[in-house]
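Biologist: I would like to learn how to read a model like this one. Can we take it feature by feature?

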Amino acid sequence: MPGAKKFDFTLIRKNARELRKNMTESERLLWSELRGRKLNGYKFLRQHPVLYKGNLISYNYFIADFYCFDKKAVIELDGPVHDYTEEYDLFRDQVMKDIGLNVLRIKNDELKDMSQVLLKIQSFLNSI
């Protein structure tokens, strides 16, 4: 394809960086428990781009709240806005499943009992 512009990851990376700079309080709370391999030695990335259905010119993508490469696991935190985005969330989960990722959704309210959330995440990772 002469003259065709190749895919540029810059915009996706910029969006992910913005989300990392502006994390929600719930994301900050969970990140403090996951960062630095604190959870069973698993490395997590926050606000990690997940590319799907692409070619040399463009890709569709999601930005996962938390991503563990070793287990191909995505952890999504669901705040009040997710009460109105159920269909989109199901679509997102299915796409990620189709590309080989495992998704765990956690409601923000669950973070009130962080030890229970961490057990839930450990159990999820062990089941993969």
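Modeller: Start at a single backbone angle. Glycine 36, just after helix 2, takes a positive phi of about 65°. Keep in mind that this is a predicted model.

Biologist: Which elements make up the protein chain, and in what order do they run from the N terminus?

Modeller: The protein chain has four helices and four strands. From the N terminus on, the order is α-α-β-β-β-α-β-α. Along the principal axes, the C-alpha atoms fill a box of roughly 55 × 35 × 30 Å.

Biologist: What share of the contacts in the protein chain with a separation of 6 or more comes from residues 24 or more positions apart?

Modeller: That share is 60%. As for burial, 37% of the 128 residues count as buried.

Biologist: Back to helix 2. Which of its residues are buried?

Modeller: First the general idea. An α-helix has 3.6 residues a turn, so residues three or four places apart point the same way. Now the case here. Helix 2 spans residues 25–34, and its buried residues are Ser26, Glu27, Leu30, Trp31 and Leu34. They sit on the same side of helix 2 because they cover an arc of only 125° around the axis.

Biologist: What covers the buried residues of helix 2?

Modeller: The cover includes three strands: strand 1 (45–54), strand 2 (59–68) and strand 3 (73–78). Helix 4 (114–127) is also part of the cover.

Biologist: Take one residue. What is leucine 30 in contact with, leaving aside its neighbours within four places in sequence?

Modeller: Leucine 30 is in contact with Phe66, Ile75, Leu77, Met114, Val117, Leu118 and Ile121.

Biologist: Which residues touch the most other members in the largest nonpolar core?

Modeller: That core has 21 residues. Leu30, Leu34, Phe44, Phe66, Ile106, Ile121 and Leu125 touch the most other members. At least two residues each come from helix 2, strand 2, strand 3, strand 4 (102–107) and helix 4. Helix 4 gives the largest share, six residues. Another core, of nine residues, lies apart from this one. Among its members are Tyr52, Tyr67, Met96 and Leu101.

Biologist: And the outside? How much area does the protein chain expose?

Modeller: About 8200 Å². Carbon and sulfur atoms supply 52% of that area.

Biologist: How many side chains are positive and how many negative?

Modeller: The protein chain has 22 positive and 18 negative side chains. Take the centre of each set: the two centres lie 10 Å apart.

Definitions and conventions:
Residues numbered from 1 in each chain as written. Predicted model: local features only at pLDDT ≥ 70, side-chain atom pairs only at ≥ 80, totals over all residues. Heavy atoms only, no water. Buried < 20%, exposed > 50% of the residue type's maximum accessible area, 1.4 Å probe, protein only. Contact = heavy atoms within 4.5 Å. Areas by Shrake-Rupley, 256 points an atom, 1.4 Å probe, with all protein chains shown as cover. Lys, Arg positive; Asp, Glu negative; His and termini not counted. Charge placed at Lys NZ, Arg CZ, Asp CG, Glu CD. Arc of directions from axis to C-beta. Core = buried A, V, L, I, M, F, W, Y, C linked by side-chain atoms within 4.5 Å.
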